Amino acid sequence: MDHNDRSQQLPCSSIIAEQPDKFPRPSIVDSHIVTLWDLTSWCHEIAQSIFRTLSKALELPQEVALETLHNPTASHDIIRLLRYEKNTSPDALRVPQAAHTDLGSLTFLFTDSPGLQTRARDGNEWEYVIPKENCAIVNLGDAMSMWTEGALQSVLHRVASMPGQGMNERYSFALLMRPTNTAPMCSLLHDAVPDGQLRCEEWISAKFKALRGKNDGDSVRSMCRDADIRAGRLATV
Ligand SMILES: O=C(O)CCC(=O)C(=O)O
Ligand SMILES: [Fe+2]
């Protein structure tokens, strides 16, 4: 990958499924395709296990169990590789990735450098999530909040330099999982999904439209990935 690129993101399904030629990508992606396949299928296996456990705890009926609302080969999952430039002025707090919540259901984030911060919904403090060797960071996305009426909440997060230390050149790799296009986007805690319910495909596109027309403000910030929209990084999705 060209190191001058700040980020690259690819629809996961175009890599792991039947349309590998649909999206242009740097050649290094293809030379590591087996590793990517292994990693994404491993993440999906873990995700299904998380979904099954949560569905059981929430007592969701089988037809709307979280594991049945995901299908890695028929979703709009995204694989994203981000590169953050070295911060040469350690005293000033820099925030190269602004506060946002992830749009989908579950995010697996791999990095070996600190910088990721989370903030509780009712708090004012940002806390660093220090990476642990051989561990992924797993975030809940907005779909989880919607399905559970906020019982499970998407986490507000950003990337910031470390006080007094700045930030070395930093890489992170994220697999952002999304429900299938037909997944209902409403509370799953009640008996039946109403007819004509908004489906994931329309929900995602409505969010993108809202963000493009109105890319600032608290409601949008808490809904979605405003930083990405401003940086134009969702243009290929
Ligand atoms: O680079 C990171 O650690 C966070 C990336 C992130 O939040 C995202 O891709 O949505
Ligand atoms: Fe994120």
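In the predicted model, Leu81 stands opposite Phe173 of strand β9. This pair belongs to the antiparallel association of strand β2 (residues 78-84) with β9, which extends over 7 bridges. Phe173 also faces Phe110, within a second antiparallel pairing in which 5 bridges connect strand β4 (residues 106-110) to β9. Strand β9 itself, spanning residues 170-177, is mostly covered, with 7 of its 8 residues buried. In general, strands of a sheet pair through backbone hydrogen bonds, in either a parallel or an antiparallel sense.

These strands fall within a segment annotated in an unreviewed UniProt entry, where the feature "domain: Fe2OG dioxygenase" is placed at residues 75-179. Over residues 75-179 the chain comprises 37% strand and 6% helix. The end C-alpha atoms of this stretch are 6 Å apart.

A further group of strands forms an open sheet of 4 members in the order β3-β8-β5-β6, with antiparallel pairing. Strands β3 and β6 (126-128) occupy the edges and have a single partner strand each, so one side of each is left without a neighbour in the sheet. From one strand to the next, the twist averages 25°. Strand β5 (residues 116-119) is joined to β6 by 3 bridges, and the two run antiparallel. Within this pairing, Gln117 has Tyr128 of β6 as its bridge partner.

The iron ion (ligand 2) is coordinated by protein donors from His100 (NE2), Asp102 (OD) and His157 (NE2), at distances of 2.1 to 2.2 Å. The spacing of the donor residues in sequence is H-x1-D-x54-H. Asp102 is located in the loop between β3 (97-100) and β4, whereas His157 belongs to strand β8 (residues 156-159); the pair therefore ties together parts that are 55 residues apart in sequence. Asp102 and His157 are both buried.

The loop between β3 and β4 also contains Ser105. With a relative accessible area of 0%, Ser105 is buried. Beyond residues up to four places away in sequence, Ser105 touches Phe51, His70, Asn139, Leu140, Gly141, Ala143, Met144, Trp147, Met177, Arg178 and Pro179. One of these contacts, Phe51, is among the buried residues of helix α3.

Helix α3 consists of 26 residues (residues 33-58), for which a rise of 1.5 Å a residue leads to an expected span of 38 Å; the end C-alpha atoms are 36 Å apart, in agreement with this value. Its buried residues are Ile33, Leu36, Thr40, Cys43, His44, Ala47, Phe51 and Ser55. An α-helix has 3.6 residues a turn, so residues three or four places apart point the same way.

Just after α3, Glu59 adopts a positive phi of about 55°. Glu59 is situated in the loop between α3 and β2 and, at 69% relative accessibility, counts as exposed. Although Glu59 and Leu189 are 130 residues apart along the chain, their C-alpha atoms are separated by 8.1 Å. A related long-range pair is formed by Leu188 and Leu58, which are also 130 residues apart in sequence, with a C-alpha to C-alpha distance of 9.2 Å.

Leu188 lies in the loop between β9 and α5 (200-213). In contrast to the exposed Glu59, Leu188 is buried, with a relative accessible area of 2%. Residues up to four places away in sequence aside, the contacts of Leu188 are Leu60, Pro61, Val64, Leu66, Leu69 and Trp147. Trp147 is thus in contact with Leu188 and is also touched by Ser105.

Positive phi values also occur at other loop positions. Most residues other than glycine have a negative phi. Asn134, a residue other than glycine, has a positive phi near 60° and lies in the loop between β6 and β7 (137-140). Its relative accessibility of 77% places Asn134 in the exposed class. Glu149, likewise not a glycine, has a positive phi of about 55°. Glu149 is found in the loop between α4 (142-147) and β8, where a relative accessibility of 49% makes this residue partly exposed.

Notes:
Residues numbered from 1 in each chain as written. Chains lettered and ligands numbered in written order. Predicted model: local features only at pLDDT ≥ 70, side-chain atom pairs only at ≥ 80, totals over all residues. Heavy atoms only, no water. Expected span 1.5 Å × (residues − 1). Buried < 20%, exposed > 50% of the residue type's maximum accessible area, 1.4 Å probe, protein only. UniProt positions renumbered as here; feature names shortened; annotations may be inferred. Pairing = 2+ DSSP bridges. Donors = N, O, S within 2.8 Å, 3.2 Å for Na, K, Ca; no water. Axes fitted to C-alpha atoms, helices over the stretch in contact; angles between N-to-C directions. Contact = heavy atoms within 4.5 Å.
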